[in-house]
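Got the model open in your viewer? Let's take a walk through it, one selection at a time.

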Amino acid sequence: MSAFNAIGDEREIDRDEFTPGLEPQPTWCPGCGDFGVLKALKQALPEVGLTPEEVLTVTGIGCSGKLNSYLDTYGFHTIHGRSLPVARAAKLANDGLTVVAAGGDGDGYGIGGNHFMHTARENHDMTYIVFNNEVFGLTKGQTSPTSPKGHTSKTTPHGNAKSPIRPLSLALTSGATYIARTAAVNPNQAKEIIKEAIEHDGFAHIDFLTQCPTWNKDARQYVPYVDVQESDDYDFDIHDRKEAQEMMFETENALYEGTVLTGRYFVDERPSYQQQKKELGEMPEEPLAERYFDDDAEWERSYDLLERHK
Amino acid sequence: MSDHELIWRIAGGSGDGIDSTSQNFAKALMRSGLDVFTHRHYPSRIRGGHTYVEIRAAGHKVQSRGDGYNFLLALGDSFARNPKEGAYYGNEEIKPLSENLDELNEGGIIVYDSGLLSEDDVESLNLEERAEENDWHVFDIDLRSMAKEHGREVMRNTAGVGVTAALLEMDLEHIEDLMRDAMPEKILEPNLEILHDAYDMVTEEYDFEHDLRIPEGDHEDEQALLSGSNAIAYGAIDSGCRFIAGYPMTPWTDVFTIMSQNLPDMGGISEQVEDEIAAAALAVGASHAGVKAMSGSSGGGFALMSEPLGLAEMTETPIVLLESMRAGPSTGMPTKPEQGDLEFTLYTSQGDSARVVFAPANIEEAYEQTRLAFHIAYEYQIPTIIIYDQKLSGENENVPVSFLDREPDPSLGSTLTEDELEDLPHDESGKFHRFQHDVENGVSPRSLPGQKGGRFLATGNEHTPAGHISEDPDNRVFQMDRRLEKLEAIRTELDEEHDSNQTYAGDESADFGIITWGSAQGAVLEATERLNDQGHSVKAVGVSDMMPFPEAELTEFIESVDQAMVVEMNATAQFRGLIQKELGRYGEKLTSLLKYNGNPFEPADVVEGYELNVDGSDAEPDAQVRIEPAAGD
Ligand SMILES: Cc1ncc(C[n+]2csc(CCOP(=O)(O)OP(=O)(O)O)c2C)c(N)n1
Ligand code: SF4
């Protein structure tokens, strides 16, 4: 018998199962976009047939990092910017788990930028949701890597001299194999995109636009938005790197010019890191964590390595 | 003569094959029944530059490189030999000879490659005169031509070994066997020819007047030659560690490499990642998901790990981290040992943080304490750190093969099965109480993601029993007290269930004590023996438990002497500071002997330190060793 019986549970799941009881109540501000992510996830997870116990959500620090405090899955609320290294190791250690990592734009594109680049490059089989509200929320409204040029805040009183990061383009050049943008104001699209991302075998990056009414009062609330797949104005091949890249570029410019474009931008079938490691014999076929519960497992000893030292 | 010993030094340029040659020669000595200890000196440079390996071999246990040495094989630095004036590698091919003369003992032997070193260069060293003064026996032999004749010039190492064997009247049998194992067919034949040619030539053409001969020894058990890094890696493997993540940094790289080369073949995983923050965070993630995991680095890289280290403490995720010290601060001296990261390792990370720190002193302790580190980490859900240094990492010693023949330990410690989870307290929503307030020893058993009935939130914020973020004062105090309680429980377990990790030596009734830690221990133990042989009365303790500190043991030791000298390889007496902090007194009883010039202690340094302490002489110690006087309480 497996030691991880939740994994592969085939029950019909009610989304209430992903909601904790009365405790704890979300501490997010009224109108915060983070509620949108929580809602979309709660809907998406049961719809792809997952139970709360076969999912591990790993978050960083920020308002966004509280996501798994209000979502009843196995959770790991880590430290600022470090959700990805924790998440990918958990996935390597137990390949049976569904791993979803999440954090803010400061968390994911600032302090955790290096991890983002490398996790995408390696194409770890997991979903990564970045709550992009263009500010630092939890530390009270400082300028973030996605704040527009000229943005004023307590730390940039004369306006932000830096141009914002291009998260979609960055994910693409780094090597992510599923890239999308959605918005809290569009829960249906968000849910569908999260479902695709979870089912995608590889690193799925979702730049999730979440309004922060408290610190980004003049932020557009990402409405009206345009779904690039639904609109006749945009036509590009989602599997074509070059076309996707151009479309991303346009989307990233448009955001700061007042047009909110969302949708899927790139899907690639490059094998996941886990799969490649298995093919190279660098990772066991069965989840490594299972071994510790397997009474028949043969544990090799260093004693067996001594020949070369004699 | 039973205490007769060989200390053989092979010197050349980095990249000249010194390492592999010396490794084989050390094994040959081990196979002939001797105890061996190797010491590697190398510059922070990939090719060229003066480097040497020393092998000490005797019929009795050897615990340090010893004082000086008695056989020099100077090969010349082939990377320094560059026909172009002012070429990149410089023009210092004489260095393997010139740089090594100061430490060669009286009566020692010098073999140098006259095929590589110019006569003018050698003349400039006044070698003849110095040889006469010191009773050295000099053999200038054209190893280069000998090697070229049968094969290639790089094989002059083999010629050097042949000459060594002839001069020491050593049997070639073990050397040949090892060459057969290590070399591909194509180069084996020429190498064997060179070995025999060199041996025969020296035996036939030279009369030796020196006394140095191969020592005699005998082992009861089969032996293996292991480095500290081997011992730590093997200790981890036997502990069931099947996940390692890292980023290269000297000297930690050695363990990382050994693990990476073995883990995948044993169904484990090794990850080279983007930086050390990621590396330690990966270890946390893997352990959280139910795999025994480790990471590590050296000073600068370890600094980056302080964040995930704290996360492991707060979330009570077991991990083992290695801190392989080199001289600091900052990038410091990458290839030189120092014990300068002790305080940093004990206290890095914010808050009242608790971790367990072991400091093994030799190859056997490195293995044992790595196993202990994994056991404690998983049983008590606490990060454990093994602090060691460049010296222990790279030196080799023989250990009986039977020493490592132990059962693997795949136990995940205080982890629950799904059946056990069913009976434990849960929230209304089904969350499991992962972090209970009142548990024995402070340890609240954990569940693993994917288990039925074990759902919880791990968080680096302070949290309730179910894992919810909380700033409630009562909960805070309960949780903090419980986490800290583990250290006391660990101290009790170490005292009661394991043999002491501390090493004692010398005369029990002695009034003078020497206290040391980590890799300085070998030199201290030899010095203690020597002092007692000379009629002094001295005892020593080598401490391995840095946190939790072995309060009772150290109190007893210090109480039993009038004065004690703390020996460590750093400039600020960090370990002495720790003793005084942990025991809260003894400032007036403790002096320090400090060395921080990049070279480890040798027994003579410690003997000298003792004499200065006891005689109160005004003389400045040699070898850039410093005495730090006792302080008031
Ligand atoms: C190492 C470290 N640096 C800084 C902080 C303080 N900090 C907490 S949240 C945060 C920024 C959060 O912004 P973002 O990631 O955009 O998330 P949001 O709160 O907007 O969801 C910062 C700087 C920290 N916790 N750790
Ligand atoms: S500060 Fe902004 S991001 Fe944070 S909870 Fe409030 S609205 Fe949301």
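Start by selecting Arg9(B): it is buried, at a relative accessible area of 1%. Keep in mind as you look around that this is a predicted model. Now add Glu54(B), which also counts as buried, with 2% relative accessibility. Show both side chains and you'll find them meeting in a salt bridge, 2.8 Å from N to O. Trace the backbone between them and you'll see that the pair links distant parts of the chain: Arg9(B) belongs to strand 1 (residues 5–14) of chain B, Glu54(B) to strand 3 (residues 48–58) of chain B, and they are 45 residues apart.

Next, select Arg482(B) and Glu316(B). Their side chains also form a salt bridge, at 2.8 Å, N to O. This pair, too, ties together distant parts of the chain, 166 residues apart: Arg482(B) is in helix 18 (residues 473–497) of chain B, while Glu316(B) is in the loop between helix 13 (306–315) and strand 11 (320–325) of chain B. Arg482(B) is buried at 1% relative accessible area, and Glu316(B) is buried at 0%. While you're in chain B, select Arg9(B), Glu54(B), Arg65(B), Glu103(B) and Glu602(B) together: salt bridges that share partners join them into one network.

Time to cross between chains. Pick Asp72(A) and Lys431(B), and you'll see their side chains meet in a salt bridge at 2.8 Å, N to O. Asp72(A) sits in the loop between strand 1 (55–59) and strand 2 (74–77) of chain A, and Lys431(B) in the loop between helix 17 (418–422) and strand 15 (457–459) of chain B, so this pair joins two chains. Switch on a surface and check the burial: Asp72(A) is buried, with a relative accessible area of 0%, and Lys431(B) is buried at 0% as well. If you'd like to hunt for others, the structure holds 53 salt bridges over all chains.

Now for a charged residue without such a partner. Select Asp227(A), in strand 7 (residues 225–227) of chain A. How far away is the nearest side chain of opposite charge? That side chain is Arg264(A), at 4.5 Å, and Asp227(A) has no salt bridge although it is buried. The cut-off here is a side-chain nitrogen within 4 Å of a carboxyl oxygen. Look instead at the backbone nitrogen of Gln229(A), which lies 2.9 Å from a polar atom of the Asp227(A) side chain.

Last stop: ligand 1. Which chains contribute to its surroundings? Residues from chains A and B surround ligand 1, so the site is shared between chains. Of the 17 residues around ligand 1, the nearest are Cys63(A), Ser64(A), Gly106(A), Asp107(A) and Gly137(A). Color the shell by class and you'll get six nonpolar, eight polar and three charged residues. Then highlight helix 3 (residues 105–111) of chain A, which supplies the largest share of the shell, four residues.

Zoom in on the ligand's oxygen atoms for the polar contacts. One oxygen atom is 2.8 Å from a polar backbone atom of Cys63(A). In the side chain of Asn133(A), an N or O atom is 3.0 Å from an oxygen atom of ligand 1. For Leu138(A), look at the backbone: an N or O atom there lies 3.0 Å from an oxygen atom of ligand 1. To finish, put a surface around the ligand: the protein covers 76% of the 590 Å² of accessible area that ligand 1 has on its own.

Definitions and conventions. Residues are numbered from 1 along each chain as its sequence is written. Chains are lettered from A and ligands numbered from 1 in the order in which they are written. This is a predicted model: local features need pLDDT of at least 70, side-chain atom pairs count only at pLDDT 80 or more; totals for chains, interfaces and linings use all residues. Side-chain values use heavy atoms; hydrogens and water are left out. A residue is near a molecule or strand if one of its heavy atoms lies within 4 Å of it. A polar contact is a pair of N or O atoms within 3.5 Å; within protein, one must be able to donate a hydrogen and the other to accept it, and residues adjacent in sequence count only if both atoms are side-chain atoms. Accessible areas come from the Shrake-Rupley method with a 1.4 Å probe; for residues, only the protein chains shown count as cover. Ala, Val, Leu, Ile, Met, Phe, Trp, Tyr, Cys and Pro count as nonpolar, Asp, Glu, Lys and Arg as charged, and the others, Gly among them, as polar. Buried means under 20% relative accessible area, exposed over 50%, partly exposed in between (1.4 Å probe, protein chains only). Lys and Arg count as positive and Asp and Glu as negative; His and the chain ends are not counted.
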